[in-house]
Amino acid sequence: MADYPRMLALKSGADAPAEVYGARAATQVILMEAGLPVPKAWGLSKDAVTAIANEDFPEEWPFLEELSTGCLVSIRASPLERVWGGPEALLNLGMNQATCDILKGPLGDDASTALYARFVQDYSIKVARLDPEWFEELYLLHTKNGKLDINAVLGSSLALYDQHVGELFPQEPVRQLRKALRSFVKAWDGTTARILRMAQGAPSQAGLGLIIQEMALGLGRGESGAGICQFVSVQTGEDMAHGRYLSQSQGREAEEDQAKAYFLTKDPRGPSLEDNCPEVITDLERYTDMARAAFRDEMQLEFTIHDGTVAILDADCAERSGRAAVAIAVRLVEAGIRCKEKALMGIDPRSLNEVLHPLVDPKAKRNVLASGISSSPGAATGKIVFTANAAQASAAREEPCILVRIETTPEDVRGMHSAQAVLTAKGGRDSHAAVVARTIGVPCIVGVSDMMVDVRGKVLTLPGGVVLRPGDTITVDAGTGEVLLGAPRLVQPDLGGAFHTFMNWADEFRVLGVRANADTPQDARIARDFNVDGIGLVRTEHMFFEAGRLNVMRELIFAETDEARKASLDLLLPMQRSDFIELFETMAGLPVCIRFLDPPLHEFLPQSRDEMQSLADAMGLPLSNIMVRAEDLREFNPMLGTRGVRLGIMIPEIYEMQARAVFEAAAHVIKAGTHKVSPEIMVPLVSAKREVELVKTSVDAVFAAVKNETGVAMEYSLGTMVETPRAALRAGDIARSSAFFSFGTNDLTQMTYGLSRDDSGRFMRDYVSKGVFDDDPFHSLDVDGVGELLLMACERGRAERKDLVLGLCGEHGGDPQSVGFCHRAGFDYVSCSPFRTPIAKLAAAQAAISGAD
């Protein structure tokens, strides 16, 4: 790195890289080069600040002469990244009795004395670390008959400093400056500050730059004050003044005291700066345009007015929601200010959640009842219901509802489809409720451990003794993980216009394919609306929970003879076939990957005695038969028991029926001449090559039979869902019978860690906060552990079969970091819930752009 001076005058043309002097210093130079009216400033490098920690101060201070004539300066933190924070700015440094006397002329006696008192207090609090409350009490003490004695406040403030620090308040500007700089360094190096900035991605030993800048007072006999402004809407990105201004103020007081602050432009809600000084608004609009051109982005300006003249103190990217960010990015590209690559790289993929789902209006009043784990984004309002049937009944009445459960099961899926949101007391980010909710795009909060759900009594008890019953209205804000009482205003999504353009750009640059997980034709239609590359996972078991099908599935499970079992399968076959026909037609020739039945059979059985009695009545069987069969199928650890490929091998007729349904559906669509169909069949929970060989032999036989019966020429491919560690380790063997691998990282993570994704929410927060895990491994792919298994499987699989297609179909497929990993590892596609596919697309585009740099 070049040899940079420890103290640098910040001016047009100055070489002030952010890596040396910090982001705020670099911004000052850009503003000056753009011609904005910025007060004189000097930057202290990170090395200079480190030296100050060792009492090694600069030998000369170039602004001392100005301080002797009534000029004041401020000190501001300038870290490499603004989000790292830093000590609060110290204003009006250099203020002393002599300067106070000088400023009485232009400001007046009281205003000058008040400024001096303010500095004494700020210095005492921020540098000497005295208690702020001591000084707040002085204003009450010295106010009589509604009149404040500001001279008495100043005298008492000086006396407090003398009493608690043990010396007179420093009058020499250099002494003030040295003490203040040491204070900034100590604050930056403090344990709390280090933890906070590390949480924002800063290295533990991150350096700090500082800025010393001449004050534009914001005080005066003419119009004077301070504020912030931007001319784009925070919510939508449209042209709109946003910000506040407070007369006779400094710094960001306008934000802190909005009751007294003015709006910027004319506003029916109250007085505005434009009412008093329209020419200042004209200046601010012009300066914002200049800043936009300089930074190639919409900017927010911090400004001061002194006797009607505007000074720009700082600039940062304009505040914006995810929705506004997309609109701004598109507008900047269309205006020729930015290129598409910069526009795509400038938006956090996760912020698209704000675009895709309704949100609680940030200005709405919030009555928070409880909080849990946000597992499917968005917000929704509705009346409480406790059962899937009640949710369906509400939907039939066109009455919005919130489904509240202790935890959900596959039998609740229809109710989840009918509800506006789902709320559960148990579960984590990858619990049943969370996964299904993300798939269907329903807001969901799980793991609300401090609420009690009495499903039988239909009572919801919340902290503070709040008791709610069916029909009471609540709002689920899954963006924050909070449950709110009542119906605050919601902001609805807008997926046209700028969003559509932006996602087309992402498609233009990405290399990695993005598919959607879709369990029903409705899910597939949503996926098509997002222009996905196909379906990466069809969980066929969800089709069996549809109305009229569950009992047929139960009859299959209770069948005691081959003839009875065949009769049930014959009933299920046309149901599955019709679903697959609709899926193939909806996807219009795009790939559709169908996972054969995966869950253990006990999940289809009734759970309560009432449900068992109902099934016994429907089947004409004794209740005891039902109870005995349910007990026979019960396993100690069903998720590692008779499920997936093991079920297909033990009861091959199930997979044969599903294969026939797939092939007959494909033949139907091909014969209709609408689309070419080449279905992909995926075998779940594989751990040995022989499992795949047995299933493939059976499926090949069905495929040949359907071709002969229909006379339709078609193709299909069979692959493996790699979700056990052994399958990853033996990938070379398994690849011989597999056209593709699709990594089911939800189960693979569970088995690699020995964690239950449904129960890990109880301790995951503690594990992450204590540094055991960098992140929740069910939320973002564990690159070091699970990722190594993936890389090993990819290498061994493609060594055996060079044309092996690689995909990932766990919920990690919608996590930006995990998508980046898949791009670098050479995967062909990722697949995730339909409403997460835009996030995956943007992350894939960013990975491709970053790799090309």
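User: What makes strand β30 (residues 740–743) and strand β31 (residues 805–808) a pair?

Analyst: Four bridges join β30 to β31, and the strands run parallel. The threshold is at least two bridges found by DSSP, so β30 and β31 count as paired. Bear in mind that this is a predicted model.

User: Which residues stand opposite each other there, going from Phe-743 and from Phe-741?

Analyst: Phe-743 faces Leu-808 in β31. Phe-741 has Leu-806 of β31 as its bridge partner.

User: How do you know that helix α33 packs on the sheet?

Analyst: Helix α33 (residues 786–800) touches both β30 and β31. Touching requires heavy atoms within 4.5 Å, so α33 meets that cut-off with both strands. The direction of α33 makes about 175° with that of β30. Angles run from 0 to 180 degrees between N-to-C directions, so the helix and β30 point in nearly opposite directions.

User: Why do β31 and strand β32 (residues 829–832) count as a pair?

Analyst: β31 and β32 share two bridges in the parallel sense. At least two are required, therefore the pair qualifies. One partner set is Gly-807 with Tyr-829 of β32.

User: Why is the crossover from β31 to β32 called right-handed?

Analyst: The chain leaves β31, passes through helix α34 (residues 816–825) and reaches β32. With the strands pointing away from the viewer, that path runs clockwise, so this β-α-β crossover is right-handed.

User: What makes the eight strands a barrel?

Analyst: The strands close up in the order β25-β26-β27-β28-β29-β30-β31-β32, with parallel pairing. From one strand to the next, the twist averages 25°.

User: And what makes the sheet of five strands open? Which are its edge strands?

Analyst: Its order is β1-β2-β7-β3-β4, and the pairing is antiparallel. β1 (7–10) and β4 (90–93) are the edges, each pairing on one side only. Neighbouring strands are turned by 25° against each other on average, direction ignored.

User: How do you know that β1 and strand β2 (residues 41–44) pair?

Analyst: Four bridges join them, and the strands run antiparallel. The requirement is at least two, so the pair counts. Ala-9 has Trp-42 of β2 as its bridge partner. Helix α3 (residues 46–53) packs on this sheet, touching β2 and β7. Its direction makes about 95° with that of β7.

User: Why is the largest cavity called a cavity and not a pocket?

Analyst: A 1.4 Å probe fits inside but cannot get out, so the space is a cavity; a pocket is open. The largest cavity holds about 80 Å³. There are four cavities of 30 Å³ or more. Residues lining the largest one include Ser-74, Arg-76, Gln-250 and Leu-313. β3 and β7 (208–214) each give two or more residues to that lining.

User: What kinds of residue make up the lining of the largest cavity?

Analyst: Four are nonpolar, five polar and two charged. Gly counts as polar, so Gly-251 falls in the polar group.

User: What is known of the second largest pocket, starting with its volume?

Analyst: Its volume is about 1400 Å³. Of its 45 lining residues, the closest to its centre are Arg-118, Gln-250, Arg-252, Glu-253 and Glu-256. The lining divides into 17 nonpolar, ten polar and 18 charged residues.

User: Which element gives the most to that pocket's lining?

Analyst: α6 does, with ten residues. Elements supplying at least two residues include α6 (109–126), α8 (150–165), β9 (239–247) and β11 (309–317).

Key. Residues numbered from 1 in each chain as written. Predicted model: local features only at pLDDT ≥ 70, side-chain atom pairs only at ≥ 80, totals over all residues. Heavy atoms only, no water. 1 Å grid on protein atoms, 1.4 Å probe; cavity = no way out; pocket = protein on both sides within 12 Å on 5 of 7 lines; lining within 4 Å. Points joined across faces, edges and corners; volume = space filled by probe spheres on them.
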